[in-house]
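Dear colleague,

I am handing over a structure that you have not seen before, and I would be glad if you looked through it with the notes below at your side.

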Amino acid sequence: MNSLVAAGTAKSEVGDPAPGALFADLHLHSLFSDGTFTPEELAGRGREAGLAAMSLTDHDTVEGCARMAQACQALGIDFIVGTELTAEFEHKEIHLLGYFLDPQNAPLLSEMKKFQAVRKSRIHEMVARLNEINIPLRAEAVFALANCRSPGRPHVARALVQEGHCQSLDEAFERFLKKGRSAWVPKCKISALDAVTLIHQAGGLAVMAHPGLNHCDDILPTLAGQGLDGIECFHTKHSAKMSRHYLNLAARLNLLVTGGSDCHGFSKGKPLIGGVKLPGIYWEKLKAAPRNREGRRAVILGASS
Ligand SMILES: [Zn+2]
Ligand SMILES: [Zn+2]
């Protein structure tokens with residue numbers, strides 16, 4: 001029996017399961033994007049936090065998933081392959097989580113390669129803008145620090161701190177990197193519909209990440225009509241009230257419910273892993289979702305495989 005079946009007895013509907021209930025954290029970043037933990041460290045910390053299931057959702061890559069699957073399997077934790085894509089819908093930036101992806105899917109990997117190239121050229125542009133305002137940062141320093149294929153703004157922030165141009169990551173964002181600041185560069189993004197299609201053709205489920213942060217409630221019904229599978233109702237930056245709101249919306253739109261901490265290790269303050277608890281009842285529904293069931297089951301690894 002899958003250990004998470006027992007979590008159906010969880011009493012709370014807002015991400016705070018009853019003591020002893022099993023839960024999942026399905027939104028985690030490793031050093032394969034802008035997190036600071038290795039996949040093995042994430043798995044270990046997940047175990048300490050009592051997680052029964054985890055997903056690795058690095059930006060624009062599934063590269064860390066094989067290692068994380070192995071580490072989770074050794075610890076008896078369910079693991080699903082995931083990613084987080086940045087997309088846009090009617091000029092609004094949104095983030096889409098892909099779950100149960102085939103990590104070898106050729107179109108997915110080739111699109112991700114393009115997203116990674118866009119990320120690199122964006123770093124070059126941000127550094128050029130910093131240089132224009134006499135901050136002598138080199139792109140090579142950012143890439144060396146990032147040491148991954150999906151470098152992003154947090155890496156630029158870290159490089160600015162490391163080289164003594166800023167005291168803290170917050171200061172780096174506040175002074176230079178936030179939207180509208182001098183070194184901010186808009187990012188070319190895939191359309192939300194194309195992102196959903198890309199995830200689907202790789203056998204995955206497409207889930208709207210942290211809708212409360214992107215203020216995109218109005219687009220959820222349209223996107224649901226275009227194939228969106230779920231909503232990340234539980235997230236570190238969602239209040240209990242917000243989570244209830246998205247649970248209601250998910251029920252109304254007949255969408256799946258997911259949740260996760262969005263832990264970036266030490267890259268954005270303290271590690272958040274396990275701080276958001278997706279009750280097992282939702283995880284069970286996610287696993288039982290009908291689309292391309294066989295494809296997805298093939299990539300579930302861990303205690304239940
Ligand atoms: Zn996000
Ligand atoms: Zn994230």
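What follows is a short account of one helix and its surroundings, and then of the aromatic pairs.

Please keep in mind throughout that this is a predicted model.

Helix 5 and its neighbours

Helix 5 spans residues 153–162 and helix 6 spans residues 169–177, and the axes of the two come within 9 Å of each other, crossing at roughly 110 degrees. Because angles of 65 to 115 degrees count as roughly perpendicular, helix 5 is described as roughly perpendicular to helix 6. On the side of helix 5, the residues that meet helix 6 are Arg153, Pro154, Val156, Ala157, Arg158, Leu160 and Val161, while helix 6 contributes Leu169, Ala172, Phe173, Phe176 and Leu177. Sorted by class, this contact of helix 5 with helix 6 has ten nonpolar and two charged residues, and no polar ones.

Helix 5 is also mostly covered, since seven of its ten residues are buried; these are Pro154, His155, Val156, Ala157, Arg158, Ala159 and Leu160. The partners against which the buried residues of helix 5 pack are helix 3 (106–132), helix 4 (139–146) and helix 6. Just after helix 5 comes Gly164, which takes a positive phi of about 80 degrees.

The aromatic pairs

How many aromatic pairs does the structure hold? There are three aromatic pairs, and two of them are described here.

One is formed by Phe37 and Phe266, which sit edge-to-face at 5.5 Å centre to centre, with 75 degrees between the planes. Phe37 belongs to the loop between strand 1 (23–25) and helix 1 (39–48), and Phe266 to the loop between strand 8 (256–260) and strand 9 (278–279), so this pair ties together parts that are 229 residues apart in sequence. Phe37 counts as buried, because its relative accessibility is 4% and the cut-off for buried is under 20%.

Another is formed by Phe100 and Trp283, which are stacked, at 6.2 Å centre to centre and with 10 degrees between the planes. Phe100 lies in the loop between strand 4 (92–99) and helix 3, whereas Trp283 lies in helix 11 (residues 280–288), so this pair ties together parts that are 183 residues apart in sequence. Phe100 is buried, with a relative accessible area of 1%, and Trp283 is buried as well, with a relative accessible area of 0%.

With best wishes

Note on methods
Residues numbered from 1 in each chain as written. Chains lettered and ligands numbered in written order. Predicted model: local features only at pLDDT ≥ 70, side-chain atom pairs only at ≥ 80, totals over all residues. Heavy atoms only, no water. Axes fitted to C-alpha atoms, helices over the stretch in contact; angles between N-to-C directions. Helix = DSSP H or I, 4+ residues; strand = E, 2+ residues; numbered from the N terminus. Parallel < 35°, antiparallel > 145°, perpendicular 65-115°, else oblique. Contact = heavy atoms within 4.5 Å. Nonpolar A, V, L, I, M, F, W, Y, C, P; charged D, E, K, R; others polar. Buried < 20%, exposed > 50% of the residue type's maximum accessible area, 1.4 Å probe, protein only. Phe/Tyr/Trp six-rings, centres within 6.5 Å; stacked < 30°, edge-to-face > 60°.
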